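Please walk through the structure shown below, beginning with a single residue and moving outwards to the cores, the salt bridges and the place where two chains meet.

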Amino acid sequence: MSNATTINMDADPKLAIKAECRNFNFHYGDFQALKGINMPVYDKKITSLIGPSGCGKSTLLRSFNRMHDLYPGNRYGGEIVMHPDNTNLLAKEVDPIEVRMRISMVFQKPNPFPKSVFENVAYSLRVRGINNKSELEDRVQHSLKGAALWDEVKNRLNDLGANLSGGQQQRLCIARALASDPEIILFDEPTSALDPIATASIEELVVELCEKVTILIVTHNMQQAARISDFTAYMYLGELIEYGVTDQVFIKPKNKQTEDYITGRFG
Amino acid sequence: MSASTIVTLPLNQSLDLQVSDRLRKKASRHMKERVIEFLLFGAALISVFTTLAIVYVLVSESWVFFQHVPLKDFLFDTQWTPLFDDAHYGIMVLLSGTLTSSAVALMVALPLGTIIAVYLSEFAPFKVREISKPFLELLGGVPTIVYGYFALVFLTPLLQKIYPDLPGFNLLSAGLVMGVMIIPYVASLSEDAMRAVPMSLREGSYAMGATRLQTSLRVVVPAATSGIASAYILGISRAVGETMILAVAAGMQPNLTFNPADSGATITSYIVQVALGDLPHGSIGYQTIFAAGLTLMLMTLMFNLLGYWLRKRFREVY
């Protein structure tokens, strides 16, 4: 199956690989949602996963931080290897909590905790046992700046997170994800619940973030994938159809299926 | 002009007919809606009317009582001896029994109920939850008189082995058993509140590297605060209003004490005692139960208002 993936890159990009799926399979009960996925994720680059609903892109994304372990009946096989330490994230002896400490996540709908703005960001530090006040203050401020939210919320750090606007809430969730200094951040359609202006600010932020952290993003919005990502993976019915440099995938897709989807002739 | 009038007239007439026809149908439907609305309103009115009637009886009968007993004595006298020649009417005595037994009960029910709720909602595998929840709710279905006897003939002798000085009737064992009775209410309602917390919040917490316990205690419980608070308030109201367990196991000695190892009468058990006794209707002794009932009702009302306020104050918008 894996051989079916069309690679759309003129040459090896000579970049460090941060993580890599190797023959990754996933089942929801009896239903096979992902079939033999082989895909690199390059260090400090943005990789986007696109494809129609139900193609398995979110399933693949959530496999990276083992969110699937939360629900019974999910099975997976193959490997997702993280570099440079060459750890198979899916190995039985690897603690999913440790994985989630290195790979953070931002969700589709902003989901701030019922806590203050400050405590929302401090949460990912507190669960790591960091309770020193000045260290928390430093890192919360740093993360909020990193999420381009500091100027808007510096005077309302004690407000409930839920009182912010939708776009601010999503940036709060990004700040929360940044606070623990992750190596990879997973974005699961982070702008689908936001208006165009908030979307633009999140996109800008994601592009800035990739200087420091590797980003994997699922999006329904093909323009978004084209605008912000360095690499694009097109998935369909649980298979990785085409993978390559974003510009090439969008301008000169090599696979007919990818072309149909991108040009809107799909189905 | 005239030609067109001749042509349009019959058309207009038929239009009028159609319109009035439609209007008639609408009116009958409207009538039906009104009838249904009235019936629903009537049903709602029954509960309002009952409440008002109870308040009226309590207040008017208490009024008679307070003609004879000054409010100051009622509130501050430290003896409750309405049946003696030297009658004293200090509600504090009964109130202390109610508060002491309720405190014991709540010390059992609130922590245990919350822990059970956290376990069932966040930790228990599906099967365990499906099996244990009916059992838990069964605990709430046991008649309180059975709990009363359980306290009297099982728990009190057991406690007496540890504390030989414990009287046969005491607030402690009644309160403990009452706590067990209240656990299912607290646990079940709290669990519902926690399960209503959206999965996205839990996922957010797990994705930050939180453990299950951290997620439960730092995200789910705070998010369910308003529901858990309502569960607590219901538990408190049950404890304050509970009658049978206390009447059977706590003794009916009015006793101004906050020591659970004493025997004592509560407001409710006193009302049972008098209502079933052979005091003549209309005597001041009989009238006391209305004043006591009014006190109880004001307490419960206070807790309900507190619960309402808590729900509003901590309501989470997910």
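A good starting point is A:Phe24, which has its place in strand E2 of chain A. What is shown here is a predicted model, and the values that follow are computed from it. With a relative accessible area of 0%, A:Phe24 is buried, because any residue under 20% is counted in that class. Once its neighbours within four places in sequence are left aside, A:Phe24 is in contact with A:Leu34, A:Lys35, A:Gly36, A:Ile37, A:Leu60, A:Ser63, A:Tyr76, A:Gly77, A:Gly78, A:Glu79, A:Ile80 and A:Leu90. One of these partners, A:Leu90, is 66 residues away from A:Phe24 in sequence, while the C-alpha atoms of the two are 9.9 Å apart in space.

Strand E2 also holds the residue A:Arg22, which leads to the salt bridges. The side chains of A:Glu79 and A:Arg22 meet in a salt bridge, with 3.4 Å from N to O. Since A:Glu79 lies in strand E5 (residues 74-82) of chain A and A:Arg22 in strand E2 (residues 17-28), the pair ties together parts that are 57 residues apart in sequence. Are these two residues buried or partly exposed? A:Glu79 has a relative accessible area of 31% and is partly exposed, and A:Arg22, at 32% relative accessibility, also counts as partly exposed.

Another salt bridge in chain A joins the side chains of A:Glu183 and A:Arg102, at 2.7 Å from N to O. Here A:Glu183 lies in the loop between H6 and strand E8 (184-188) of chain A, whereas A:Arg102 belongs to helix H2 (residues 96-102), so the pair ties together parts that are 81 residues apart in sequence. A:Glu183 is partly exposed at 26% relative accessibility, and A:Arg102 is partly exposed with a relative accessible area of 23%.

The side chains of A:Asp159 and A:Arg156 meet in a salt bridge as well, at 3.2 Å from N to O. For A:Asp159 the relative accessible area is 29%, which makes this residue partly exposed, and for A:Arg156, also partly exposed, the value is 26%. In chain B, salt bridges that share partners join B:Lys133, B:Glu137, B:Glu191, B:Asp192 and B:Arg195 into one network. Over all chains, the structure holds 21 salt bridges.

From charged pairs we turn to nonpolar residues. In soluble globular proteins, nonpolar side chains tend to be buried together. The largest nonpolar core in this model has 90 residues, and those with the most contacts inside it are A:Met39, A:Leu60 and A:Leu144. Helix H6 (residues 166-179) of chain A gives the largest share of this core, seven residues. What surrounds A:Leu144, if its neighbours within four places in sequence are left aside? A:Leu144 is in contact with A:Val117, A:Val121, A:Leu149, A:Trp150, A:Val153, A:Leu157, A:Leu172 and A:Ala175. A second, separate core has 57 residues, including B:Val104, B:Ile236, B:Ile245 and B:Ile289.

Chain B also offers a buried residue in a loop. B:Ser263 lies in the loop between helix H10 (244-249) and helix H11 (267-276) of chain B, and its relative accessible area of 15% counts as buried. Apart from neighbours within four places in sequence, B:Ser263 is in contact with B:Pro167, B:Phe169, B:Asn170, B:Leu171, B:Ala250, B:Gln253, B:Asn255 and B:Thr257.

Finally, consider how the chains meet. In the model, 20 residues of chain B are in contact with 25 residues of chain A. The size of an interface is often given as the accessible area lost when the parts come together. Between chain B and chain A the buried area is about 1800 Å², of which carbon and sulfur atoms give 62%. On the side of chain B, the residues that lose the most area to chain A are B:Glu203, B:Met208 and B:Arg218, together 37% of what that side buries.

B:Glu203 appears again in a salt bridge, where its side chain meets that of A:Arg62 at 2.6 Å from N to O; across this interface the rule finds one salt bridge. The rule also finds seven residue pairs in polar contact across the interface, both residues at pLDDT 80 or more. Helix H7 (199-207) and helix H8 (212-223) of chain B each supply at least two residues of the side that touches chain A, and the largest share of that side, eight residues, comes from H7(B). By kind, the residues of this side of chain B divide into 10 nonpolar, seven polar and three charged.

Technical notes:
Residues are numbered from 1 along each chain as its sequence is written. Chains are lettered from A and ligands numbered from 1 in the order in which they are written. This is a predicted model: local features need pLDDT of at least 70, side-chain atom pairs count only at pLDDT 80 or more; totals for chains, interfaces and linings use all residues. Side-chain values use heavy atoms; hydrogens and water are left out. Contact means heavy atoms within 4.5 Å. Buried area is the accessible area (1.4 Å probe) that two parts lose on being put together, summed over both. A salt bridge is a side-chain nitrogen of Lys or Arg within 4 Å of a carboxyl oxygen of Asp or Glu. A polar contact is a pair of N or O atoms within 3.5 Å; within protein, one must be able to donate a hydrogen and the other to accept it, and residues adjacent in sequence count only if both atoms are side-chain atoms. Helices (H or I, at least four residues) and strands (E, at least two) are DSSP runs, numbered from the N terminus. Ala, Val, Leu, Ile, Met, Phe, Trp, Tyr, Cys and Pro count as nonpolar, Asp, Glu, Lys and Arg as charged, and the others, Gly among them, as polar. A nonpolar core is a set of buried Ala, Val, Leu, Ile, Met, Phe, Trp, Tyr and Cys residues joined through side-chain atoms within 4.5 Å. Buried means under 20% relative accessible area, exposed over 50%, partly exposed in between (1.4 Å probe, protein chains only).
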